[in-house]
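Here are a few short exercises to work through with the model open beside you. Try each task before reading its solution.

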Amino acid sequence: MWIELIFFSAFFSQIWLISYHYPNRILQRMDYIFEHYPADKYAKLYPKGYEKTVAGKTLYKLLNIAFLIIGLVIFVSIVVAIHLGKIQLRDMNFVPFAYGMLQAIPFLLLEVSAIKQFKLMRSINSESKRHADLSPRNVFNYVSATRLFSAIIMFFVCIYIMLSLNDFHLSSDISVLIGSMLLCNGLFVGLGYVLLRGKKLDPHQSSKDRRIMTSAVFRSYTSVSILVSVFFIINRCTEHYSIYNWEPIFNSLYWQSVVLLSTGAMLKLTTPKEVNFEVYRTSIPSNS
Amino acid sequence: MQITIDMDDPVPIFSQLVAQIKQAVAANKVNPGDPLPSIRQLANDLEVNSKTVSKAYKLLERDAVIQSRGYRGTFVHPDAKENCQVDLKAWITSEFEELIKKMKEAGVTDSEMRITFSNVLNNN
């Protein structure tokens, strides 16, 4: 029974962390910005208009409440079903993963909305003055060599372990796993390249804030890349050593770790009090 | 160190870039041997065409203010501080003024000068 208790704790923690704790922290941050940087003075911050931004916030809040309720309903159903002996823990391995995908929807919508907002900011930006740093940007300005090489080494270690557990036979399921890892890490490399060499997403962002944001994103990418490798190793180990009961626990902990190391790290490394919001001010009053 | 360009300024963007990099060198804001951003990075940051930045870099390289070291990138020239004080535009103006004065004294007409100048420029 103790393994079921561990699963219940892990799954409850997943529901609380991803659908309550982090959404609440993001909503608090939005409220702070709305309160301290109002639309009448900081119009550049609201390219879609204040009302639409508030509507977006409400939608984000409602979606998270809905997924929190769905999560709690799933949780209670699983507890009751396992208690009554109708299902076994090993049948639940897809639940944390599938529910995790559902929980990711509001975060995904938030990201898409931010990208759209930046695009709109760039299209309506009428400022004639443009700034640039006179120093080259390179990946090691934002992430330590140890961290980056750890992610690369973990990638190869993961492939080696996956193949060794399969007697170095490249079966179709191993190919799919390696393909997903390549896709995931390739996406990080592509997005990292755009951040490093591409155009500024936010045309008004100060160079200091851009440095902080880029650094936070690179840290998050490398952490998630390491985590993906660890997850795939665990995934193959549970199958190889037939410890299926542990799989739903690992799946749940994996999702939580991903959010902790991506959204959590971003929230920790970028605080609104340290962001230069003056760049979004509509008209900067003269000193005289 | 940040540089700023003004899109509404009548001065061409490449000239603004050349002037600002020279000013940065003269004011010790960048030192000899310091790496400079790549053409693509600077063009993306300033949202200008990369050919504009390339033109500015070529002029700075000609003036020995910066030097390109192949795949390693572009760096501030070791003698950049002295070289950025040299105003090639002022030098060429004074040279031409002297030459035109001599030509006029010899009775050469303006159109003869223009045609000859254009021929010589095209043949070199």
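**Exercise 1. Into which domains is chain B divided, and how far apart are their centres?**

Solution. Start with the bounds, which come from an automatic or database domain assignment: domain 1 of chain B covers 13-83 and domain 2 covers 88-122. Next, take the centres over C-alpha atoms; for these two domains of chain B they are 31 Å apart.

A word on conventions before going on: this is a predicted model, in which local features need pLDDT of at least 70 and side-chain atom pairs count only at pLDDT 80 or more, while totals for chains, interfaces and linings use all residues. Residues are numbered from 1 along each chain as its sequence is written, and chains are lettered from A and ligands numbered from 1 in the order in which they are written.

**Exercise 2. Describe the build and overall dimensions of chain B.**

Solution. First, list the elements, which are DSSP runs numbered from the N terminus (helices: H or I, at least four residues; strands: E, at least two). Chain B has six helices and four strands, in the order β-α-β-α-α-β-β-α-α-α from the N terminus.

Second, look at the extent: a box of roughly 55 × 30 × 30 Å along the principal axes holds the C-alpha atoms of chain B. The radius of gyration of chain B is 18 Å, where a compact globule of 124 residues would have one near 14 Å; the radius is taken over C-alpha atoms, and the globule rule is 2.2 Å times the number of residues to the power 0.38.

Third, check the packing. In chain B, 24% of the 124 residues count as buried (20 or more other C-beta atoms within 10 Å of a residue's own, against 12 or fewer for exposed and in between for partly exposed, with C-beta atoms placed from the backbone).

**Exercise 3. Where do A:Ser242 and B:Ala64 lie, and what is the sign of phi at each?**

Solution. Recall the background: most residues other than glycine have a negative phi. A:Ser242 is not a glycine, yet its phi is positive, about 50°. A:Ser242 sits in the loop between helix H6 (207-240) and helix H7 (247-269) of chain A. A:Ser242 is exposed because 8 other C-beta atoms lie within 10 Å.

Now turn to B:Ala64, also not a glycine, with a positive phi of about 60°. Its loop in chain B runs between helix H3 (50-62) and strand S3 (66-68). B:Ala64 has 15 C-beta neighbours inside 10 Å, so B:Ala64 counts as partly exposed.
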